[in-house]
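Ready for some practice in reading a protein structure? Work through the exercises below with the model open beside you, and try each one before you look at the solution.

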Amino acid sequence: MALRKIGEGLYLYPGSPSTMVKIHDEKAVLVDPGQGSGRHKDLKREMRKLGLEIRAQLTTHGHADHVRVAPKIEAPLFAHRFEFSIVESPLNREILTFGSKAPRGFLVSQFEGEVRVHGIFEWGDVLFGLKAIKLSGHSPGMTGFLDEENAVLYAGDSFFGERVLQSVGIPYLVEPELFKDSIKQLQNYADEGLLLIPSHGKAVRGDEAGKLLEFNLHRLEEAETMILELLKSPMSIDELAYRLSEYFDVSPTPQILALNLVPLRAFIAKLYNEEKIEAVMDRGLKWKLRGD
């Protein structure tokens with residue numbers, strides 16, 4: 001794999017997640033360095049080809065697959081203040097993705113090492129020629145990085161490629177309404193002609209971007225509709241996760257079901273707050289439509 005030029009002084013290195021490289025003051029800035037046993041070596045090699053020193057690293061959010069190789073790249077790492085403790089603490093990363101300490105080796109991107117954050121930014125800040133954009137919902141401090149000169153927005157996990165969604169069923173998120181708001185914001189950027197880059201999936205622009213964003217939004221709405229349909233009968237969140245995987249024709253694994261429990265809890269909280277569902281005790285905690 002090799003760098004692909006996507007703008008003036010702007011490159012994309014493929015992967016899941018992909019890594020965006022911004023040339024600023026004749027040095028390289030990496031956005032989401034990513035994961036993989038040789039990822040840091042690959043990125044360093046590509047920078048040597050360009051004759052560039054790596055000046056800094058930016059992360060869209062603190063999930064393990066986005067920051068795992070950061071300590072091996074030996075350049076300061078910057079994160080949004082809501083993501084600071086998630087990036088730095090292995091336990092916090094597991095709590096966010098699993099709900100508690102996870103079984104050893106259970107999560108695909110799980111690792112025990114600490115990742116030091118060297119600087120904190122706020123949404124609206126400009127870092128090394130990139131503007132930090134609020135795209136919350138997938139995680140508390142989910143951030144996109146906008147290169148205004150090149151009309152490119154690295155959007156992180158604020159939306160997903162179609163194949164990713166088809167493989168898991170529902171997008172991973174911690175707050176459905178914030179995720180929807182971010183999608184709608186991205187639709188405005190797509191209407192303006194920007195190139196939108198998800199961390200997991202191909203870069204899209206124009207009509208293609210609009211269709212993919214609509215697919216993400218429709219999947220959220222479809223999931224919520226199906227949850228309400230399923231909860232006509234009392235059901236635990238675990239049962240709900242399995243039934244939704246059947247509905248979306250996903251081949252469930254223990255890992256997929258465990259991860260899907262996180263967005264499902266977020267949907268349950270939303271629907272409960274809207275007084276659409278209620279909690280009941282039926283040989284354990286279950287949820288059902290209110291009044292049925």
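**Exercise 1.** How many bridges join strand β2 to strand β3, and do the two strands run parallel or antiparallel?

*Solution.* Keep in mind that you're looking at a predicted model. Start by finding β2 at residues 10–13 and β3 at residues 19–24. Between them there are 4 bridges, and the strands run antiparallel. Now pick out one spot on β2: Y13 stands opposite T19 in β3.

**Exercise 2.** Work out which strands stand at the edges of the open sheet.

*Solution.* First, write down the order of the 7 strands: β1-β2-β3-β4-β5-β6-β7, with mixed pairing. Next, look at the two ends of that order. β1 (4–7) and β7 (119–121) each have a single partner strand, so one side of each has no neighbour in the sheet. While you're there, check the twist: from one strand to the next, it averages 30°. Finally, add the helix: α1 (residues 39–50) lies across β2, β3, β4 and β5, and runs at about 150° to β2.

**Exercise 3.** Decide what kind of aromatic pair F82 and W123 form, and say which parts the pair ties together.

*Solution.* Step one is the geometry: the ring centres are 5.6 Å apart and the planes make an angle of 90°. Planes over 60 degrees apart count as edge-to-face, so that's the label for F82 and W123. Step two is location. F82 sits in the loop between β6 and α4, while W123 sits in the loop between β7 and β8, so the pair ties together parts 41 residues apart in sequence. Step three is exposure: F82, at 36% relative accessibility, is partly exposed, and W123, at 24%, is partly exposed too.

**Exercise 4.** Is W287 buried or partly exposed?

*Solution.* The cut-off for buried is under 20% relative accessible area. W287 comes in at 14%, so it's buried. Its edge-to-face partner is Y272, with 6.0 Å between the centres and 85° between the planes. Y272, at 39%, counts as partly exposed.

**Exercise 5.** Find the salt bridge between E53 and K27, and say where each residue lies.

*Solution.* Begin with the idea: side chains of opposite charge can pair when their charged atoms come close. Here the N to O distance is 3.9 Å, and the cut-off is 4 Å. E53 lies in the loop between α1 and β5 and K27 in strand β4, so the pair links parts 26 residues apart in sequence. To finish, look for the network of salt bridges that links E177, K180, E224, K270, E274 and K276.

How values were computed: Residues are numbered from 1 along each chain as its sequence is written. This is a predicted model: local features need pLDDT of at least 70, side-chain atom pairs count only at pLDDT 80 or more; totals for chains, interfaces and linings use all residues. Side-chain values use heavy atoms; hydrogens and water are left out. Two strands pair if DSSP finds at least two bridges between them. Axes are lines fitted to C-alpha atoms, for helices over the stretch in contact, and angles run from 0 to 180 degrees between N-to-C directions. Contact means heavy atoms within 4.5 Å. Rings of Phe, Tyr and Trp (its six-membered ring) pair if their centres lie within 6.5 Å; planes under 30 degrees apart count as stacked, over 60 as edge-to-face and the rest as tilted. Buried means under 20% relative accessible area, exposed over 50%, partly exposed in between (1.4 Å probe, protein chains only). A salt bridge is a side-chain nitrogen of Lys or Arg within 4 Å of a carboxyl oxygen of Asp or Glu.
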